[in-house]
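Student: I have a model open and would like to go through the reasoning behind some of its labels. Can we start once it is on screen?

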Amino acid sequence: MPKNQFIDPDKIRRKGEIIFQPLPVNQYDKSLSEERKNFSDDALVGIYRDMMLIREFESMLNLIKTTGEYRGIAYNHPGPAHLSIGQEAAAVGMAYNLDADDYIFGSHRSHGEILAKGLSAIHRSDDKSLEAIMRSYFNGSIYDVVAKNHEGSIKGLATKFLLYGTLAEIFARVTGFNKGLGGSMHAFFTPFGVYPNNAIVGGSGDISVGAALYKKVNRKKGIVVANIGDASMACGPVWEGISFATMDQFVELWEGDMKGGLPLIINIMNNHYGMGGQTSGETMGYGIAARIGAGVNRDQMHAERIDGMNPLAVIDAFNRKIKILEKKRGPVLLDTVTYRYSGHSPSDASSYRSKEEMEAWQKHDCIYNYRRDLIDNKITDEDSLRLIDAEVNDLVFETFKLATDDKISPRMDADKDPDIIGKVMFSDISVDAMEIGDPEVLIPLKDNPRVQQIARKERYAFDKEGKPYSKMKQYQLRDGIFEAVIDRFYKDPTLVAFGEENRDWGGAFAVYRGLTEALPYHRLFNSPISEGAIVGVAVGYAMSGGRVIPEIMYCDFLGRSGDEVFNQLPKWQAMSGNVLKMPVVLRVSVGSKYGAQHSQDWTSIVAHIPGLKVLFPATPYDAKGLMNAALQGTDPVVFFESQRIYDTGEQFHKGGVPQGYYEIPIGEPDIKRSGSDITVLSIGATLYRVVEAADILQERYNISTEIIDARSLVPFNYEPVLESVRKTGRIMITGDASERGSFMNDMARNITEMAFDYLDAPAVVVGSRNWITPAYELEDYFFPQPDWIIDAIHTSILPLEGHTVKNDFSNKTKIERAKRGI
């Protein structure tokens with residue numbers, strides 16, 4: 001299916017100029033008296049109360065960190081506390097018109113935003129809904145703490161619930177919103193629309209885009225706000241996220257009610273500093289951060305600088321920008337000017353800024369000035385505000401006492417259950433679809449040309465005489481992946497897939513050929529060449545409730561998505577206390593033929609990161625069964641595929657690849673050939689070189705080899721391997737990853753420890769050389785070959801009578817190479 005966009009050279013080469021429209025800067029100029037027609041007096045006073053609640057909450061944390069006590073009670077909090085004292089108006093104004101259906105994402109400095117958004121959700125929710133949320137969350141464990149001895153309204157109780165759940169989380173208590181596993185920089189509470197804050201600067205920049213994509217694709221209510229700092233505008237996730245969020249295809253190619261921009265506001269909480277670096281005048285070049293929006297798309301992202309020291313100015317801006325999103329003209333960029341009176345953290349003495357600057361900003365204190373305006377306009381009086389101040393102080397103090405009481409608010413008991421955190425690393429849930437509904441498709445599955453073509457293929461590679469069918473006739477590994485993926489698209493209405501060259505082309509390696517005909521644009525589309533955003537958007541989409549298949553075209557490009565793969569994708573399930581699920585299957589293609597930057601096997605790097613399931617099937621049968629299992633789950637899976645074997649037929653499962661649905665249990669290795677003299681455990685495409693080596697060992701040396709295909713790296717069941725070793729007494733582990741620091745070494749160590757009494761020789765690892773990956777013509781000198789395997793067996797495991805060594809695996813050579821770092 002060809003694209004319908006024509007790139008006209010006559011138009012492209014025509015002389016002209018780009019004209020930018022003016023960007024508004026601090027245009028709000030209404031007085032409080034003018035605004036009274038838009039707000040009730042109670043609402044205006046409520047804004048003050050919310051700001052004061054945030055100020056006292058943050059001041060309490062500041063005192064604990066700097067003096068070790070709060071209101072006479074000593075407490076030691078060794079963890080982080082990045083405070084937003086001074087930024088209260090920006091937080092409350094941002095959240096004022098948002099309800100529980102609107103999502104916010106934040107940064108390491110987001111306590112104020114959590115409270116502001118939670119308070120707004122409470123104000124806008126009815127008592128019945130609030131009580132149901134509190135009673136059901138973690139089976140009422142937080143509710144039970146705050147409800148005891150409570151006298152007052154449900155909304156008052158909900159406010160206590162919000163404060164306590166947040167503070168208990170900051171203090172690592174099991175009664176925190178995330179069971180104490182998130183902490184200060186990662187606290188959130190999704191029932192109020194407060195989604196993860198992110199300790200990685202700019203980390204929410206692409207994740208929030210995924211949440212907005214989820215709302216758009218699945219027609220969900222509400223908008224998404226990414227509250228990020230001004231210094232994060234130098235970070236890759238933000239730039240890539242903005243590129244993804246402003247793709248022309250949302251307007252040009254998506255159809256029907258899907259046509260239009262994402263419901264997203266990138267809200268820069270601009271306090272002018274990134275730690276000690278001053279963003280305007282030192283570490284950045286934009287001067288005014290709103291300028292960034294001008295160059296991104298034709299609408300200039302509707303960018304605007306607003307006065308974040310005035311809550312009404314922020315409310316006004318969000319009102320106007322939400323209307324733009326309702327017209328499907330998003331995303332929007334806001335540069336919200338504010339200032340933090342506290343340092344980057346309480347240990348920061350602010351030596352990088354002058355006393356004069358801080359004093360000048362204190363004259364613009366948002367709470368002091370707003371308080372004065374309330375009194376001057378006779379909306380309330382000093383005595384009433386002092387009463388609010390006292391109530392706020394008492395509420396924060398009461399919350400503090402509850403959150404620091406070890407009996408009321410204990411921490412996880414890792415003495416009683418040493419594996420308590422391990423139990424939340426994965427959800428291990430099996431679910432056909434993330435949401436009930438009819439998946440949107442363009443044609444019935446049976447009418448798909450690729451489906452029809454595959455139906456005519458031979459699902460086992462050999463005929464009755466044992467002769468292989470031609471490549472064209474064989475059901476290939478890429479066909480197995482395709483069948484699993486298209487099956488899930490017709491089951492799960494939330495499923496989307498994206499990456500480079502996913503649509504039209506059929507994927508860079510023809511796995512997706514046939515999907516373009518089956519799926520509308522909003523379910524299968526091409527992304528920018530932004531590997532970080534490809535994964536980050538998937539993370540946001542999944543944590544919002546959808547299932548997603550992002551693709552990294554080459555394994556080597558994982559480096560471009562390092563933070564998202566290593567810090568975001570694997571951690572949010574556990575850091576949420578298993579509140580969030582992460583049904584992401586990240587397809588990663590391991591290259592060959594293209595040299596040092598396109599042919600590396602990085603499975604070991606990914607397997608090192610806790611929280612990821614790591615699969616590497618090497619046969620069509622395993623590829624389909626494992627992809628089915630991955631797509632049935634709710635955990636993040638990195639699904640490696642070797643480009644060497646996309647066209648390989650099924651050579652091991654004699655019944656061929658079943659036409660119907662089946663799953664292969666994740667973590668279970670498979671014996672591909674039984675043997676009695678030596679075990680070889682293979683990872684990925686190396687399986688086929690192991691088969692060649694085993695044939696030679698049998699024919700020339702009468703050595704029977706048991707071949708085990710790992711199939712999964714994480715999790716991994718060692719029992720079948722240990723059983724094999726008990727039989728053979730010998731084992732080699734081999735794969736295409738460079739040997740040094742590889743997961744193969746980890747396997748060898750574990751097997752040696754667990755099967756030491758049964759081993760007649762050390763467990764030996766044969767991986768790729770510790771070099772750059774050379775050109776195709778030299779690959780046989782880099783990747784393990786059949787003769788490498790045989791030479792290593794002869795040298796280190798079992799001398800082979802009459803064997804002549806071609807490749808030196810002696811200890812002397814290993815020592816020399818290690819000295820040279822190769």
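The exchange below concerns a predicted model, and it takes up a domain interface and then one residue.

Student: What makes domain 1 and domain 2 count as being in contact?

Tutor: Contact requires heavy atoms within 4.5 Å. By that rule 37 residues of domain 1 are in contact with 34 residues of domain 2. The domains are residues 32–405 and 445–645, and their centres, taken over C-alpha atoms, are 36 Å apart.

Student: How do you know what kind of atoms the interface buries?

Tutor: The buried area between domain 1 and domain 2 is about 2800 Å², and carbon and sulfur atoms give 70% of that. On the side of domain 1 that touches domain 2, there are 22 nonpolar, 12 polar and 3 charged residues.

Student: How many salt bridges and how many polar contacts cross between these two domains?

Tutor: A salt bridge needs a side-chain nitrogen of Lys or Arg within 4 Å of a carboxyl oxygen of Asp or Glu. The rule finds 0 across this interface. Polar contacts between domain 1 and domain 2 come to 6 residue pairs.

Student: Why is Ile772 called exposed?

Tutor: The label needs over 50% relative accessible area. Ile772 has 63% relative accessibility, so it counts as exposed. Ile772 lies in the loop between strand S22 (764–768) and helix H26 (786–796).

Student: Which residues does Ile772 contact, beyond its neighbours within four places in sequence?

Tutor: Ile772 is in contact with Ala596 and Phe782. As for Ile822, 50 residues away along the chain, its C-alpha atom is 9.9 Å from that of Ile772.

How values were computed. Residues are numbered from 1 along each chain as its sequence is written. This is a predicted model: local features need pLDDT of at least 70, side-chain atom pairs count only at pLDDT 80 or more; totals for chains, interfaces and linings use all residues. Side-chain values use heavy atoms; hydrogens and water are left out. Domain bounds come from an automatic or database domain assignment. Buried area is the accessible area (1.4 Å probe) that two parts lose on being put together, summed over both. A polar contact is a pair of N or O atoms within 3.5 Å; within protein, one must be able to donate a hydrogen and the other to accept it, and residues adjacent in sequence count only if both atoms are side-chain atoms. Ala, Val, Leu, Ile, Met, Phe, Trp, Tyr, Cys and Pro count as nonpolar, Asp, Glu, Lys and Arg as charged, and the others, Gly among them, as polar. Helices (H or I, at least four residues) and strands (E, at least two) are DSSP runs, numbered from the N terminus. Buried means under 20% relative accessible area, exposed over 50%, partly exposed in between (1.4 Å probe, protein chains only).
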